[in-house]
Amino acid sequence: MAKKQETISMIESLAEFKDLKNIDKETMINVLEDSFRNVLAKIFGSDDNFDVIINPEKGDFEIWRTRQVVEDGAVEDDSRQVSLSEAHTIDPETEVGEDVTDSVNFASFGRRAILNLRQALSSKIMELQKENLFNTFTDRIGQLISAEVYQVWKREALLIDDDGNELLMPKSEQIPSDFFRKGETVHAVIERVENANNNPKIIVSRTSGEFLKRLFELNVPEIADGLITIRCVARIPGERAKMAVESYDDRIDPVGACVGMNGSRIRGIVRELRGENIDVTQYTTNAALFVQRALSPARVSSIRLLEAERKAEVFLRPEEVPLAIGKNASNIKLASGLTGYQIEVFRDIDDMDEEDIYLDEFNDEIDQWIIDLLKNIGCNTAKSVLNKNREELIKETDLEDATIDYVLGVLRAEFSEEGPEAIEEEQEAPDMDDIDNDFVPTDAEPEQE
């Protein structure tokens, strides 16, 4: 009776292992077979003459043993040899020297063997589960997930996803104003998977730039469809963020699509981020213009890039400096993180009796597309243009010599003692129709506020 109960217990154990998640049938069979063979090898010294047949669907198994038939009284190894009289009980027609195969009742090996098998199976299954968990979530790093808050501690929070996996969110990965209650559903992004001592820990984050990207993908269909690309993100979690977006379709306004009508799309993201202020700007490969946009809402007078040092020296009017730096230097930190340049801000102070003038104020004398080209190279004011070398202006803007000379003449006349009328004595304004208008750029972009 006891043997029958033990056999039933083994079948129930196999049924439990059969229902384990994330383990395919072939792997399950191999693990069970290896476990049985290890126990058989410990009992008989070798498992070479044993065959183990596993049925994972039903949760049962069979063990078959092959032995050589020898004369009665000549058995030297019970595990490999069988006497002729015993062999006849298995197969009446067998003879000495032949092999005979019979079924082995594993429960007859005793309760200790069964317990050892259960322990070996549990250990191997646990290792498989941990390995599978590590590989699965390593492939999912950067993905957005929803999980339920299970426990909140001082330094971290424990979350449970829909599959019952445990996720950890350290305090450093939480937005400072986050406050979680047990049972609450939380959105986060899979940040990394640690595997110390074969004990995988899944770390999720709400402070990374990837979290902001995934939220925009969720709320802006154009991003999810690939029509708009998020090029870079910089965040001070819970306070402020900057994000640069780009669209390869000229018909789509990437900034407007991300913000939505009256801010409808971005409003939900701001709520999810606990009121974090998000600045969305349009990406450009023009480094000077990109730095200028990243420093918004400050208006830049001129920019000097030091490419070798990845540094940008930005000159602004005194009243624009506080806007460029921002509260607790947040604006300049985010702009540096967004552009990849170390930004240094300088006050653009000229002589006391002179004041600089924005180029847009000259659009009655200089064509707007020329002004836009100058702004694209970081020259937003008259003096920022005058401070540049003539040959450098020609090279960076690709404008005609006569056009550059005319622009310089207009700007110099504004600051000359004789006044703007002095330009008429120096030179005549070139006829814009004579200038190569085929060059009018299609990518000249107005300054964004």
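Two strands count as paired if DSSP finds at least two bridges between them. With that in hand, open the model, which is predicted, and start at the barrel.

**Stop 1: the barrel**

Select strand E7, residues 166–170, together with strand E9, residues 199–205; the two pair in the parallel sense over two bridges. Within this pair, leucine 167 stands opposite isoleucine 202 in E9.

Now widen the selection to the barrel that these strands belong to. Five strands close into it, in the order E5-E6-E7-E9-E8, and the pairing is mixed. From one strand to the next, the twist averages 50°.

Go next to E5 and E6. Strand E6 covers residues 156–160, runs antiparallel to E5 and is joined to E5 by four bridges. The two strands form a hairpin, with three residues between them. To find the pairing on screen, show valine 152, which stands opposite alanine 157 in E6.

The partner of E5 to pick after that is E8: five bridges link E5 and E8 in the antiparallel sense. Leucine 144 marks this pairing, standing opposite valine 189 in E8.

**Stop 2: helix H5 on the barrel strands**

Keep E5, E8 and E9 displayed and add helix H5, residues 209–219. H5 lies across strand E5 (144–152), strand E8 (185–196) and E9. Its direction runs at about 140° to E8.

**Stop 3: the open sheet**

Which strands stand at the edges of the open sheet? Display the three strands, whose order is E10-E11-E12 and whose pairing is mixed. The edges are strand E10 (228–236) and strand E12 (277–282); each has a single partner strand, so one side of each is left without a neighbour in the sheet. Direction ignored, neighbouring strands of this sheet are turned by 20° against each other on average.

Select strand E11, residues 240–247, with E12: they pair in the parallel sense over six bridges. One residue to label here is alanine 244, whose bridge partner in E12 is threonine 281.

H5, from the previous stop, also packs on this sheet, touching E10, E11 and E12. The direction of H5 makes about 135° with that of E10. Helix H11, residues 330–339, is another to add: H11 lies across E10, E11 and E12 and runs at about 35° to E11.

**Stop 4: H5 against H8**

Hide the strands and bring up H5 with helix H8, residues 264–272. The two helices pack at an angle of about 140°, with their axes 10 Å apart. H5 passes H8 in a right-handed crossing. Show side chains for the contact: H5 supplies Phe211, Leu212, Leu215, Phe216 and Asn219, and H8 supplies Arg265, Ile266, Ile269 and Glu272. By class, these are six nonpolar, one polar and two charged residues.

**Stop 5: H2 against H4**

Move to helix H2 (residues 25–44) and helix H4 (residues 111–138). Their axes are 10 Å apart and the packing angle is about 145°. The crossing of H2 past H4 is right-handed. On the H2 side, select Thr27, Met28, Val31, Leu32, Asp34, Ser35, Phe36, Asn38, Val39 and Ile43. On the H4 side, select Ala113, Leu117, Ala120, Leu121, Lys124, Ile125 and Leu128. The contact of H2 with H4 divides into twelve nonpolar, three polar and two charged residues.

**Stop 6: H14 against H15**

The next pair is helix H14 (residues 390–397) and helix H15 (residues 401–415). Their axes come within 10 Å and cross at roughly 125°, which makes H14 oblique to H15. H14 passes H15 in a right-handed crossing. In the contact, H14 contributes Arg390, Leu393, Ile394 and Thr397, while H15 contributes Asp401, Ile404, Asp405 and Leu408. The class count for the contact of H14 with H15 is four nonpolar, one polar and three charged residues.

**Stop 7: a salt bridge**

How many salt bridges does a search of the whole structure find? The search finds 31. Side chains of opposite charge can pair when their charged atoms come close. One to zoom in on joins the side chains of arginine 65 and aspartate 102, at 3.6 Å from N to O. This pair links distant parts of the chain: arginine 65 is in strand E2 (residues 60–70) and aspartate 102 is in strand E4 (residues 99–104), 37 residues apart.

Key:
Residues are numbered from 1 along each chain as its sequence is written. This is a predicted model: local features need pLDDT of at least 70, side-chain atom pairs count only at pLDDT 80 or more; totals for chains, interfaces and linings use all residues. Side-chain values use heavy atoms; hydrogens and water are left out. Axes are lines fitted to C-alpha atoms, for helices over the stretch in contact, and angles run from 0 to 180 degrees between N-to-C directions. Contact means heavy atoms within 4.5 Å. Angles under 35 degrees count as roughly parallel, over 145 as roughly antiparallel, 65 to 115 as roughly perpendicular and the rest as oblique. A crossing is left-handed if the near helix is turned anticlockwise from the far one by less than a right angle, and right-handed if clockwise. Ala, Val, Leu, Ile, Met, Phe, Trp, Tyr, Cys and Pro count as nonpolar, Asp, Glu, Lys and Arg as charged, and the others, Gly among them, as polar. A salt bridge is a side-chain nitrogen of Lys or Arg within 4 Å of a carboxyl oxygen of Asp or Glu.
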